[in-house]
Amino acid sequence: MAGRLLPLELIDKCIGSRIWVIMKGDKEVVGTLRGFDEFVNMVLDDVTEYSGAKREKTKLDQILLNGNNVAMMVPGGDPEAPESQPR
């Protein structure tokens, strides 16, 4: 079927790009996607982690993110962009 894109194909197209990952719970992670597996476990570089109600920031060089904890992924997304802020 023309124009059909499977979820893992979309994630594969994001390798090398910035991605915003919204986790189950109160954490969000933004970083450069370096790789992933069939369980959507991901390796991210140049990471900023946002946690808690005050959205405390933690900078990390590299992380391995467990795919079981991922609620949503936004390719190219940035939680600090004005259009991403709650109104």
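**D45 and R34.** I started with this pair: the side chains of D45 and R34 meet in a salt bridge, 2.7 Å from N to O. I'm working on a predicted model here. The bridge links distant parts of the chain, with D45 in strand β3 and R34 in strand β2, eleven residues apart. I looked up burial on both sides. D45 counts as buried at 16% relative accessibility, while R34 is partly exposed at 43%.

**How many salt bridges?** I asked how many salt bridges the structure holds. The count is three, so I went through the other two, given the cut-off of 4 Å between the side-chain nitrogen and the carboxyl oxygen.

**K27 and E49.** K27 forms a salt bridge with E49, and their closest N and O atoms are 3.8 Å apart. That falls inside the cut-off, because a salt bridge needs the nitrogen within 4 Å of the oxygen. K27 sits in strand β2 (residues 27–36) and E49 in strand β3 (residues 42–51), 22 residues apart. On accessibility, I noted K27 as partly exposed at 36%. E49 comes out at 18%, which makes it buried, because the line for buried is drawn at under 20%.

**E28 and R55.** Here the closest N and O atoms of the salt bridge are 3.3 Å apart. E28 belongs to strand β2, whereas R55 lies in the loop between β3 and β4 (56–65), 27 residues along the chain from its partner. Buried or exposed, I wondered about E28? E28 is buried, with a relative accessible area of 16%. R55 is partly exposed at 32%.

**R55 again.** I then checked R55 against the rings. Its charged end sits over the ring of Y50, 4.9 Å from the ring centre. I also looked for aromatic pairs and got zero.

**Zooming out.** I listed the secondary structure next: one helix and five strands. From the N terminus on, the order is α-β-β-β-β-β. The radius of gyration is 13 Å, close to the 12 Å that the globule rule gives for 87 residues, so the protein is as compact as a globular protein of that length. I also took the box along the principal axes, and the C-alpha atoms fill roughly 45 × 30 × 20 Å.

**Burial, contacts, surface.** Buried residues make up 34% of the 87. Of the contacts with a separation of 6 or more, 40% are between residues 24 or more positions apart. Last thing I wrote down: the protein exposes about 5,900 Å², with carbon and sulfur atoms supplying 52% of that area.

Notes: Residues are numbered from 1 along each chain as its sequence is written. This is a predicted model: local features need pLDDT of at least 70, side-chain atom pairs count only at pLDDT 80 or more; totals for chains, interfaces and linings use all residues. Side-chain values use heavy atoms; hydrogens and water are left out. Helices (H or I, at least four residues) and strands (E, at least two) are DSSP runs, numbered from the N terminus. Buried means under 20% relative accessible area, exposed over 50%, partly exposed in between (1.4 Å probe, protein chains only). Rings of Phe, Tyr and Trp (its six-membered ring) pair if their centres lie within 6.5 Å; planes under 30 degrees apart count as stacked, over 60 as edge-to-face and the rest as tilted. A charge sits over a ring if NZ of Lys or CZ of Arg is within 6 Å of the ring centre and within 35 degrees of the ring normal. The radius of gyration is taken over C-alpha atoms; the globule rule is 2.2 Å times the number of residues to the power 0.38. Contact means heavy atoms within 4.5 Å. Accessible areas come from the Shrake-Rupley method with a 1.4 Å probe; for residues, only the protein chains shown count as cover.
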